Amino acid sequence: MTKRTKGDLLLDTGVYLFLIALGLMMLMPLASVFSKSVSEEWAITSGKVGILPVGFQLDTLIQVISSSLFIRAFCISVGVTAIGTLLSILMTALTAYPLSKRNLPGISFIMVLFIFTMLFSGGLIPNYLLMRQLHLINNLWVLILPGMISVFNMLVIKSYYESLPEALEESARIDGAKTYTILFRIILPLSMPVIATIALFYAVGYWNDYFGPMIYINETALKTLQLYLQDVVMDANSANLTNKSVDDLMNMSPEGIRAATVVASTVPILLVYPFMQKYFIKGVLIGSVKG
């Protein structure tokens with residue numbers, strides 16, 4: 001190992017300090033919102049809440065998460081995220097597997113078609129007309145089917161497949177294994193790092209999707225959590241959105257209710273990351289070696 005000079009240590013210290021400062025800057029808005037969600041209402045209305053909470057109370061959060069509208073929107077988002085992520089991972093993995101074979105007839109032309117969709121699209125109006133002709137307007141499947149396969153994610157998984165030794169498949173075929181047996185019992189178990197990473201990408205995308213529901217969902221009963229959050233942020237009369245009477249909310253500021261709703265809608269997806277962390281970096285790096 002080479003001996004590090006004083007200049008190297010100073011440079012490393014500067015880099016670490018910069019990254020720490022950058023991380024704190026990104027966490028400050030979230031900390032401010034969380035502080036407002038648990039601070040006393042008099043402190044929120046008087047503008048005394050900053051990064052740290054003033055006082056402590058959970059009444060606002062309890063009122064928000066106990067609202068029937070919030071629970072319904074939360075369940076819809078959870079269902080769309082769970083089903084969409086599962087189907088997306090399955091379809092993306094199935095698509096990437098044959099494309100990882102260099103001897104596939106017409107693979108160059110097929111790859112050009114996939115790459116073309118990354119650069120060009122039909123636009124918003126044609127997509128809306130297509131969804132209407134398919135009778136998917138005000139249907140939760142419209143939030144899953146159009147974006148089921150991400151070409152970028154497919155290319156990452158494809159690159160990971162290509163990094164696996166070909167001898168694995170050859171030995172399995174000698175033992176009599178068929179294509180689907182090789183894929184589901186050998187390739188996919190070995191690909192768990194990249195599969196978990198891409199699953200996290202899909203889950204965050206489905207959970208945070210706002211534009212799709214705003215365009216394709218008009219019925220109140222089908223609103224996702226992001227649309228509900230928009231209503232809370234935009235509507236000054238928060239009593240209409242939490243199904244609580246004015247007497248229940250007389251001690252709660254609209255700003256506190258908005259902050260509590262943001263926290264309640266953000267925490268669930270944040271809790272997913274710790275379970276995926278051990279796969280995340282490894283999956284992205286290995287899946288990006290080739291391409």
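**Cavity and pockets in an all-helix count**

Guide: Welcome! S77, V80, T81, L143, Y206, W207, D209, P213 and T224 line the largest cavity of this predicted model. Two elements, α4 (68–99) and α10 (192–208), each give two or more residues to that lining.

Visitor: What makes this space a cavity and not a pocket?

Guide: A 1.4 Å probe fits at its points but cannot get out, whereas a pocket is an open set, so the word "cavity" applies to the enclosed kind. The structure holds 1 cavity of 30 Å³ or more, and about 50 Å³ of space lies in the largest cavity.

Visitor: Which element gives the most to the lining of the largest cavity?

Guide: That is α4, with 3 residues.

Visitor: How do you know which class each lining residue of the cavity belongs to?

Guide: Val, Leu, Tyr, Trp and Pro count as nonpolar and Asp as charged, while Ser and Thr fall among the others, as polar. The lining of the largest cavity therefore divides into 5 nonpolar, 3 polar and 1 charged residues.

Visitor: And the largest pocket: what is its volume?

Guide: The largest pocket has a volume of about 680 Å³. It is lined by 20 residues, and N127, P146, G147, I149 and S150 are the closest to its centre. At least two lining residues come from each of α5 (107–119), α10 and α11 (211–216).

Visitor: Why is G147 counted as polar?

Guide: Gly is not in the nonpolar or the charged list, so Gly goes with the others, as polar. By class, the lining of the largest pocket has 12 nonpolar, 7 polar and 1 charged residues.

Visitor: What lines the second largest pocket?

Guide: The second largest pocket, with a volume of about 410 Å³, is lined by 17 residues, and the closest to its centre are S100, K101, N103, E166 and E169. Two or more lining residues come from each of α4, α7 (151–163), α8 (166–174) and α9 (179–190), and α8 gives the most, with 4 residues. The classes here are 7 nonpolar, 3 polar and 7 charged.

Visitor: How many helices and strands does the chain have?

Guide: The chain has 16 helices and 0 strands.

Visitor: What makes a residue "buried" here?

Guide: A residue is called buried because its relative accessible area is under 20%. By that cut-off, 35% of the 291 residues in the chain are buried. The accessible surface of the chain comes to about 17300 Å², with 69% belonging to carbon and sulfur atoms.

Note on methods:
Residues numbered from 1 in each chain as written. Predicted model: local features only at pLDDT ≥ 70, side-chain atom pairs only at ≥ 80, totals over all residues. Heavy atoms only, no water. 1 Å grid on protein atoms, 1.4 Å probe; cavity = no way out; pocket = protein on both sides within 12 Å on 5 of 7 lines; lining within 4 Å. Points joined across faces, edges and corners; volume = space filled by probe spheres on them. Buried < 20%, exposed > 50% of the residue type's maximum accessible area, 1.4 Å probe, protein only. Areas by Shrake-Rupley, 256 points an atom, 1.4 Å probe, with all protein chains shown as cover.
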